[in-house]
Amino acid sequence: MTTIEAKTLEATIDMAATPEEIWPLVSDLPRMASWSPQVVRSIQRGHGGLGATTVNINRSGWKVWPTRSKVIRFEPPRELAFRVKDNKTIWSYALEPLADGGTRVVVRREAPDGLAPISVRLQDAVLGGVEKFDAEVLAGMKQTLERLKAEVEA
(Lines give C-alpha, C1' and ligand atoms only; values in the text may rest on other atoms or scores of the structure.)
Protein backbone atom coordinates (compact mmCIF):
# COMPACT_ATOMS: atom_id res chain seq x y z
CA MET A 1 0.00 0.00 0.00
CA THR A 2 1.33 3.44 -0.92
CA THR A 3 1.81 5.96 1.86
CA ILE A 4 2.22 9.73 1.80
CA GLU A 5 4.91 11.52 3.81
CA ALA A 6 3.69 13.79 6.59
CA LYS A 7 5.32 16.56 8.56
CA THR A 8 6.04 16.04 12.23
CA LEU A 9 4.04 18.56 14.23
CA GLU A 10 5.14 19.59 17.74
CA ALA A 11 4.07 22.03 20.43
CA THR A 12 5.76 22.67 23.78
CA ILE A 13 4.82 24.45 27.00
CA ASP A 14 6.37 24.77 30.46
CA MET A 15 4.13 24.18 33.47
CA ALA A 16 4.61 25.01 37.13
CA ALA A 17 4.00 21.44 38.30
CA THR A 18 5.93 18.19 38.51
CA PRO A 19 5.59 15.37 35.98
CA GLU A 20 3.89 13.34 38.72
CA GLU A 21 1.23 16.06 39.10
CA ILE A 22 0.63 16.37 35.34
CA TRP A 23 0.73 12.66 34.47
CA PRO A 24 -2.75 11.72 35.79
CA LEU A 25 -4.29 14.31 33.46
CA VAL A 26 -2.24 13.54 30.35
CA SER A 27 -2.70 9.79 30.73
CA ASP A 28 -6.49 10.06 31.13
CA LEU A 29 -7.35 9.80 27.42
CA PRO A 30 -11.11 10.34 27.82
CA ARG A 31 -10.30 13.75 29.39
CA MET A 32 -8.53 14.95 26.22
CA ALA A 33 -11.86 16.32 25.03
CA SER A 34 -11.69 18.78 27.95
CA TRP A 35 -8.66 20.49 26.44
CA SER A 36 -8.52 19.69 22.72
CA PRO A 37 -10.53 21.86 20.33
CA GLN A 38 -10.71 18.94 17.87
CA VAL A 39 -11.59 16.01 20.14
CA VAL A 40 -15.29 15.89 21.00
CA ARG A 41 -15.15 12.61 22.91
CA SER A 42 -12.86 9.65 23.56
CA ILE A 43 -14.23 6.34 24.76
CA GLN A 44 -11.56 4.11 26.26
CA ARG A 45 -11.67 0.35 26.26
CA GLY A 46 -9.77 -1.36 29.04
CA HIS A 47 -8.13 0.09 32.13
CA GLY A 48 -5.73 2.42 30.39
CA GLY A 49 -2.02 1.99 30.06
CA LEU A 50 -0.14 0.09 27.42
CA GLY A 51 -2.45 -1.52 24.89
CA ALA A 52 -5.53 0.50 25.85
CA THR A 53 -7.70 1.46 22.90
CA THR A 54 -9.98 4.40 22.30
CA VAL A 55 -12.68 5.34 19.86
CA ASN A 56 -12.60 9.10 19.31
CA ILE A 57 -15.05 11.56 17.83
CA ASN A 58 -13.27 14.53 16.23
CA ARG A 59 -14.51 17.73 14.63
CA SER A 60 -13.44 20.64 12.51
CA GLY A 61 -16.22 23.19 12.18
CA TRP A 62 -19.31 21.29 11.08
CA LYS A 63 -17.29 18.24 9.96
CA VAL A 64 -17.23 15.27 12.38
CA TRP A 65 -15.35 11.98 12.01
CA PRO A 66 -14.35 8.97 14.14
CA THR A 67 -10.85 7.61 14.72
CA ARG A 68 -9.51 4.60 16.61
CA SER A 69 -6.28 4.55 18.57
CA LYS A 70 -4.11 2.25 20.65
CA VAL A 71 -1.58 3.17 23.35
CA ILE A 72 1.83 2.00 22.15
CA ARG A 73 4.09 3.59 24.81
CA PHE A 74 3.17 4.14 28.45
CA GLU A 75 6.01 5.18 30.77
CA PRO A 76 4.65 6.99 33.85
CA PRO A 77 5.27 9.84 34.51
CA ARG A 78 7.38 10.50 31.39
CA GLU A 79 5.74 9.48 28.12
CA LEU A 80 2.45 8.39 26.61
CA ALA A 81 2.06 7.62 22.91
CA PHE A 82 -0.82 6.26 20.88
CA ARG A 83 -1.16 5.29 17.24
CA VAL A 84 -4.24 6.39 15.33
CA LYS A 85 -5.15 3.34 13.28
CA ASP A 86 -7.12 5.26 10.67
CA ASN A 87 -4.36 7.59 9.45
CA LYS A 88 -1.24 5.83 10.85
CA THR A 89 -0.08 8.83 12.90
CA ILE A 90 1.52 8.55 16.32
CA TRP A 91 0.63 11.14 18.95
CA SER A 92 2.82 11.45 22.03
CA TYR A 93 3.04 13.46 25.22
CA ALA A 94 6.46 13.75 26.84
CA LEU A 95 6.93 15.23 30.32
CA GLU A 96 10.44 16.54 30.98
CA PRO A 97 11.34 17.74 34.51
CA LEU A 98 12.86 21.21 34.70
CA ALA A 99 15.50 22.42 37.17
CA ASP A 100 13.01 24.83 38.78
CA GLY A 101 10.62 21.99 39.72
CA GLY A 102 8.34 22.56 36.75
CA THR A 103 7.79 20.40 33.70
CA ARG A 104 8.15 20.88 29.97
CA VAL A 105 5.28 19.17 28.19
CA VAL A 106 5.80 18.28 24.54
CA VAL A 107 2.99 17.02 22.32
CA ARG A 108 4.03 15.59 18.98
CA ARG A 109 2.25 14.13 15.96
CA GLU A 110 4.44 11.95 13.78
CA ALA A 111 3.81 9.71 10.82
CA PRO A 112 6.95 7.58 10.57
CA ASP A 113 5.21 5.21 8.15
CA GLY A 114 3.52 8.04 6.22
CA LEU A 115 -0.15 8.93 6.16
CA ALA A 116 -2.71 6.42 4.99
CA PRO A 117 -3.82 7.33 1.45
CA ILE A 118 -7.49 7.41 2.48
CA SER A 119 -6.62 9.99 5.13
CA VAL A 120 -4.90 12.20 2.54
CA ARG A 121 -7.86 11.90 0.17
CA LEU A 122 -10.30 12.86 2.93
CA GLN A 123 -8.15 15.80 4.07
CA ASP A 124 -7.96 17.03 0.47
CA ALA A 125 -11.67 16.55 -0.22
CA VAL A 126 -13.23 17.68 3.06
CA LEU A 127 -10.71 19.42 5.34
CA GLY A 128 -9.08 21.91 2.96
CA GLY A 129 -6.00 19.84 2.13
CA VAL A 130 -3.14 18.36 4.14
CA GLU A 131 -1.25 21.64 4.63
CA LYS A 132 -4.32 23.53 5.87
CA PHE A 133 -5.35 20.66 8.12
CA ASP A 134 -1.80 20.38 9.54
CA ALA A 135 -1.94 24.10 10.44
CA GLU A 136 -5.28 23.53 12.19
CA VAL A 137 -3.90 20.51 14.04
CA LEU A 138 -0.82 22.44 15.20
CA ALA A 139 -2.97 25.34 16.42
CA GLY A 140 -5.13 22.80 18.27
CA MET A 141 -2.07 21.22 19.89
CA LYS A 142 -1.01 24.62 21.21
CA GLN A 143 -4.52 25.34 22.48
CA THR A 144 -4.67 21.92 24.14
CA LEU A 145 -1.43 22.62 26.02
CA GLU A 146 -2.61 26.09 27.09
CA ARG A 147 -5.87 24.63 28.44
CA LEU A 148 -4.02 21.80 30.20
CA LYS A 149 -1.60 24.32 31.75
CA ALA A 150 -4.51 26.45 33.00
CA GLU A 151 -6.03 23.41 34.72
CA VAL A 152 -2.72 22.15 36.14
CA GLU A 153 -1.76 25.56 37.54
CA ALA A 154 -5.22 26.52 38.85
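At 40% relative accessibility, Asp113 counts as partly exposed in this predicted model. Its side chain meets that of Arg83 in a salt bridge, with an N to O distance of 3.5 Å. The two partners belong to distant parts of the chain, 30 residues apart: Asp113 is in the loop between strand 7 and helix 3, and Arg83 is in strand 5. Side chains of opposite charge can pair when their charged atoms come close.

Arg83 itself falls within strand 5, which spans residues 79-84. Its relative accessible area is 25%, so Arg83 is classed as partly exposed, the range that begins where buried, under 20%, ends. Apart from neighbours within four places in sequence, Arg83 contacts Arg68, Ser69, Lys70, Ile72, Lys88, Thr89, Ile90 and Asp113. One of these residues, Lys88, places its backbone oxygen 3.2 Å from a polar atom of the Arg83 side chain. Thr18, by comparison, is separated from Arg83 by 65 residues in sequence and by 26 Å in space, C-alpha to C-alpha.

Thr89, another of the residues in contact with Arg83, is situated in the loop between strand 5 and strand 6. With a relative accessible area of 1%, Thr89 is buried. The side chain of Thr89 takes part in a polar contact of 2.7 Å with the side chain of Asn87, and a polar contact of 3.4 Å joins it to the side chain of Trp91. Beyond four places in sequence, the contacts of Thr89 are Phe82, Arg83, Val84, Arg109, Glu110, Ala111 and Leu115.

Arg109, one of the residues touched by Thr89, is a salt-bridge partner as well: its side chain meets that of Asp134 at 3.0 Å, N to O. Asp134 lies in helix 4 and Arg109 in strand 7, so this pair ties together parts of the chain that are 25 residues apart in sequence. Both residues are enclosed by the protein, because the relative accessibility of Asp134 is 3% and that of Arg109 is 4%, and each value falls under the 20% cut-off for buried residues.

The whole structure contains 8 salt bridges. Among them is the one between the side chains of Asp14 and Arg104, with an N to O distance of 2.7 Å. Asp14 is in strand 1 and Arg104 is in strand 7, so the bridge connects parts that are 90 residues apart in sequence. Asp14 has a relative accessible area of 33% and is partly exposed; Arg104, at 30% relative accessibility, is also partly exposed.

Attention then turns to the nonpolar interior. The largest nonpolar core comprises 29 residues, of which Ile22 and Val105 touch the most other members. Two or more residues are given to this core by each of strand 1 (9-15), helix 1 (19-26), helix 2, strand 5, strand 6 (90-97), strand 7 (103-110) and helix 4 (130-153). Helix 4 supplies the largest share, 6 residues. With its neighbours within four places in sequence left aside, Ile22 is in contact with Met15, Ala17, Leu95, Thr103, Val105 and Val152. The two residues that touch the most other core members, Ile22 and Val105, are thus also in contact with each other.

Nonpolar side chains also occur on the surface. Ile118, Leu122 and Val126 form a nonpolar patch there, with about 250 Å² of accessible area together. Ile118 belongs to helix 3, which covers residues 117-126. The relative accessible area of Ile118 is 43%, and the residue is accordingly partly exposed.

A further polar site involves Ser36, which is located in the loop between helix 2 (32-35) and strand 2 (39-45). Ser36 counts as buried, at 12% relative accessibility. Its side chain reaches the backbone nitrogen of Gln38 at 3.1 Å. When neighbours within four places in sequence are set aside, Ser36 is in contact with Thr144 and Arg147.

Methods
Residues are numbered from 1 along each chain as its sequence is written. This is a predicted model: local features need pLDDT of at least 70, side-chain atom pairs count only at pLDDT 80 or more; totals for chains, interfaces and linings use all residues. Side-chain values use heavy atoms; hydrogens and water are left out. Helices (H or I, at least four residues) and strands (E, at least two) are DSSP runs, numbered from the N terminus. Contact means heavy atoms within 4.5 Å. A polar contact is a pair of N or O atoms within 3.5 Å; within protein, one must be able to donate a hydrogen and the other to accept it, and residues adjacent in sequence count only if both atoms are side-chain atoms. Patches are made of residues with over 30% relative accessible area and no salt bridge: like charges are joined within 9 Å, nonpolar side chains (Val, Leu, Ile, Met, Phe, Trp, Tyr) within 5 Å. Accessible areas come from the Shrake-Rupley method with a 1.4 Å probe; for residues, only the protein chains shown count as cover. A salt bridge is a side-chain nitrogen of Lys or Arg within 4 Å of a carboxyl oxygen of Asp or Glu. Buried means under 20% relative accessible area, exposed over 50%, partly exposed in between (1.4 Å probe, protein chains only). A nonpolar core is a set of buried Ala, Val, Leu, Ile, Met, Phe, Trp, Tyr and Cys residues joined through side-chain atoms within 4.5 Å.
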